[in-house]
Amino acid sequence: MAPPRRAEEWLETALDVLTYRVAYQVTDPVLALGSAPDASRYPRRAARFKELKRGLRNWG
């Protein structure tokens, strides 16, 4: 459930995570972003992973 005062920020983060999961076919039922990607092989994905992970820390 979204925190009442920051509901819009929470929703934006949740949508970003869902988009990432769909785009990269993440199916891990426990880790929202799945395993960390190999930065040398997938630099853009790794950068997005780090960015989203920071965003998730705000809610955890």
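**Exercise 1. Is Thr13 buried or exposed?**

Solution. The model is a predicted one. First, locate the residue: Thr13 belongs to helix α1. Next, take its relative accessible area, which is 15%. The cut-off for a buried residue is under 20%. Thr13 is therefore buried. Finally, identify its contacts: leaving aside residues up to four places away in sequence, Thr13 touches Gly55, Leu56 and Trp59.

**Exercise 2. Determine whether the length of α1 agrees with the expected span.**

Solution. Begin with the limits of the helix: α1 comprises residues 7–23. At 1.5 Å a residue, its 17 residues should span 24 Å. The C-alpha atoms at the two ends of α1 are 24 Å apart, so the model agrees with the expectation. Beyond the helix, Gln25 follows just after α1 and adopts a positive phi of about 55°.

**Exercise 3. Establish how the buried residues of α1 are arranged around its axis, and what they pack against.**

Solution. The buried residues in α1 are Thr13, Val17 and Tyr20. They cover an arc of only 60° around the axis, which places them on the same side of α1. A general rule is relevant here: an α-helix has 3.6 residues a turn, so residues three or four places apart point the same way. The partner of this buried side is α2 (43–57), against which the buried residues of α1 pack. On the face turned away from the buried side, α1 carries the exposed residues Glu8, Glu12, Thr19, Val22 and Ala23.

**Exercise 4. Which residues make the nonpolar surface patch, and what is its area?**

Solution. The patch is formed by Leu11, Leu15 and Leu18. Its area is about 280 Å². One of these residues, Leu18, is found in helix α1.

**Exercise 5. Describe the protein chain as a whole by its helices, dimensions, burial, contacts and surface.**

Solution. Count the secondary structure elements first: the chain has 2 helices and 0 strands. For the dimensions, its C-alpha atoms fill a box of roughly 40 × 20 × 15 Å along the principal axes. As to burial, 20% of the 60 residues are buried. Turning to contacts, consider those with a separation of 6 or more: 36% of them are between residues 24 or more positions apart. The surface completes the description: the chain exposes about 4,900 Å², of which carbon and sulfur atoms supply 54%.

Methods: Residues are numbered from 1 along each chain as its sequence is written. This is a predicted model: local features need pLDDT of at least 70, side-chain atom pairs count only at pLDDT 80 or more; totals for chains, interfaces and linings use all residues. Side-chain values use heavy atoms; hydrogens and water are left out. Patches are made of residues with over 30% relative accessible area and no salt bridge: like charges are joined within 9 Å, nonpolar side chains (Val, Leu, Ile, Met, Phe, Trp, Tyr) within 5 Å. Accessible areas come from the Shrake-Rupley method with a 1.4 Å probe; for residues, only the protein chains shown count as cover. A salt bridge is a side-chain nitrogen of Lys or Arg within 4 Å of a carboxyl oxygen of Asp or Glu. Helices (H or I, at least four residues) and strands (E, at least two) are DSSP runs, numbered from the N terminus. The expected span of a helix is 1.5 Å times one less than its number of residues. Buried means under 20% relative accessible area, exposed over 50%, partly exposed in between (1.4 Å probe, protein chains only). The arc is that of the directions from the helix axis to the C-beta atoms. Contact means heavy atoms within 4.5 Å.
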